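Got your viewer open and ready? Let's take a walk through this one together, one selection at a time.

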Amino acid sequence: METPSSQPKRRGRPKGSAAKSKDEREKEPHSSGKMRGSASKRAAAVDEEYVQWKSLVAVLYDWFANHNLIWPSLSCRWGPVVELGRYKNRQRLYLSEQTDKSVPNTLIIANCDVVKPRVAAENHIANFNEEARSPFVRKYKTIIHPGEVNRIRELPQNKNIVATHTDGPEVLIWDIEAQPNKHAVYGAAASRPDLVLSGHQDNAEFALALSPMEPFVLSGGKDKTVVLWSIQDHISTLAANAPKSAGSGGSIIKSADNPSIGPRGIFHGHADTVEDVQFCPSSSQEFCSVGDDSCLILWDARVGNNPAVKVEKAHDADLHCVDWNPHNDNLIITGSADNSVRLFDRRNLTSDGVGSPVHMFEHHTAAVLCVQWCPDRSSVFGSCAEDGLLNIWDYEKVGEAKDSDIESDEDDEESPPGLFFQHAGHRDKIVDFHWNACDPWTIVSVSDDADTSGGGGTLQIWRMIDMLYRPKDEVLAEMQHFKDHVGKCTPKSKG
């Protein structure tokens with residue numbers, strides 16, 4: 001049996017502390033008075049900040065939807081658009097359910113009605129019930145997952161294909177449309193994945209990426225390795241060993257009696273658990289990884305299984321997440337348990353043997369769990385953390401002069417360089433978020449705030465007002481046009 005110190009590091013809900021119903025939480029014995037007092041003060045501070053944020057929702061957001069979850073979800077991802085409408089589009093949304101074992105863990109496929117920009121009414125945005133399900137999110141299909149669902153990633157070449165990380169060494173591949181819909185009840189048999197990727201020698205729980213160039217899969221785990229697969233290897237094996245079958249429906253996953261493949265390569269270089277991996281946007285053979293050894297490593301599968309570049313001490317603590325800029329292959333962002341986000345240029349990664357970031361973005365007050373570049377603008381990215389905040393940054397704004405000379409020192413302290421929007425709608429740690437490539441300024445985020453949300457956590461779908469990210473000249477011209485329009489419509493007073 002493993003000792004507590006040897007348990008995998010968990011960045012979401014700790015192992016063994018699965019969600020509890022509201023009734024169960026109310027029946028739990030109370031802690032000591034001192035602990036209750038400390039918790040009460042923290043809860044009061046969170047509530048105060050949340051009330052302040054909620055009062056500004058109608059001003060800051062073009063659209064906002066709040067969905068109270070039954071069970072916690074450690075991952076959220078956008079799938080394909082399935083229906084186009086006049087005022088909203090219907091799009092798949094991939095979620096997970098991490099249960100208390102009274103019912104199975106599941107991979108959830110939901111239909112999400114994404115309201116188009118400048119459509120939602122102000123009162124509809126602001127008036128939502130934190131403890132209710134959103135009418136914009138409806139369950140479409142349930143897959144009973146073997147083990148927990150710690151990470152979900154969609155295949156860029158076919159977003160109906162997703163990969164999942166569980167609390168084991170394998171990566172599971174699912175053809176969402178081909179999988180049967182299951183009813184998650186106690187004792188129900190797990191769904192059968194369409195393909196199993198083997199190669200890790202220990203649990204691989206979080207580090208997972210799929211290449212935008214080819215159907216390649218990348219994973220990292222507790223065995224300190226990075227593993228690379230090609231889904232095409234499965235297709236090639238079937239083509240060589242089995243007759244062609246009709247009715248495949250164009251899926252990249254084909255059926256087989258033993259749907260498992262081994263890796264293209266196993267890469268050694270980390271000294272501790274690999275926490276996240278990411279492909280270079282322009283190459284399926286180049287990728288990067290980060291881990292609990294505080295290292296950022298760049299790899300090139302064409303030249304071997306050893307690191308191409310190893311950045312020691314990229315942060316001052318464990319690295320949790322990494323993303324590679326889809327618009328500029330030279331830029332990489334990382335997030336860490338040291339509460340910071342760092343921007344690296346791969347042309348100049350180190351100085352005196354340690355990491356030399358272009359800039360450090362410091363405004364989170366707890367460990368950063370996820371970072372991702374905006375699909376619409378090359379200089380913009382987001383970061384979420386255990387402090388319950390999702391920050392939107394623009395590195396091009398770092399060093400820009402302030403528009404006004406009368407801002408106080410206090411304002412400067414509260415607004416660090418590059419930060420231009422902060423989503424504060426979650427009341428506990430945000431475990432994952434995802435920009436919507438089909439509607440680039442729409443974001444889905446999920447938090448583990450069961451104790452404050454009255455459920456299993458909170459899913460939020462939101463889009464800031466476009467005046468915050470559009471070019472300044474455009475915004476000023478629109479405001480002037482509106483001002484002129486109001487002036488023409490206002491009755492002139494008689495002298």
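Before we start, one bit of vocabulary: a residue counts as buried when its relative accessible area is under 20%, and as exposed when that value is over 50%, with partly exposed in between. Keep in mind too that this is a predicted model.

**Stop 1: a pair with one hidden partner**

Select Arg342 and Asp316. Their side chains meet in a salt bridge, at 3.2 Å from N to O. Arg342 sits in strand S21 (residues 340-345), while Asp316 is in the loop between strand S18 (309-311) and strand S19 (319-324), so this pair ties together parts that are 26 residues apart in sequence. Is Arg342 buried or exposed? Its relative accessibility is 7%, so Arg342 counts as buried. Asp316, on the other hand, is exposed, with a relative accessible area of 52%.

**Stop 2: the sheet around S21**

Now show the strands. S21 belongs to an open sheet of four strands, in the order S19-S20-S21-S24, and the pairing is antiparallel. Which strands are at the edges? Those are S19 and strand S24 (359-362), each of which pairs on one side only. Ignoring direction, neighbouring strands in this sheet are turned by 20° against each other on average.

Zoom in on strand S20 (residues 331-336): five bridges join S20 to S21, and the two run antiparallel. Pick Ile333 and look across to S21, where Leu343 stands opposite.

**Stop 3: a long-distance link**

Next, select Lys139 and Glu97. They form a salt bridge whose closest N and O atoms are 3.8 Å apart. This pair links distant parts of the chain: Lys139 is in strand S5 (residues 137-144) and Glu97 in strand S3 (residues 88-97), 42 residues apart. Lys139 is exposed at 52% relative accessible area, whereas Glu97 is buried at 13%.

**Stop 4: a network**

Finally, select Arg118 and Glu478. In this salt bridge, the closest N and O atoms are 2.9 Å apart. How many residues separate the two along the chain? They are 360 residues apart, with Arg118 in the loop between strand S4 (106-115) and helix H4 (122-126), and Glu478 in helix H8 (residues 472-489). Both are partly exposed: Arg118 has a relative accessible area of 48%, and Glu478 has 24%.

Add Asp466, Arg470 and Glu474 to your selection, and you'll have a network of salt bridges that links them with Arg118 and Glu478. Want to keep hunting? A search of the whole structure finds 22 salt bridges.

Definitions and conventions. Residues numbered from 1 in each chain as written. Predicted model: local features only at pLDDT ≥ 70, side-chain atom pairs only at ≥ 80, totals over all residues. Heavy atoms only, no water. Salt bridge = Lys/Arg side-chain N within 4 Å of Asp/Glu carboxyl O. Buried < 20%, exposed > 50% of the residue type's maximum accessible area, 1.4 Å probe, protein only. Pairing = 2+ DSSP bridges. Axes fitted to C-alpha atoms, helices over the stretch in contact; angles between N-to-C directions.
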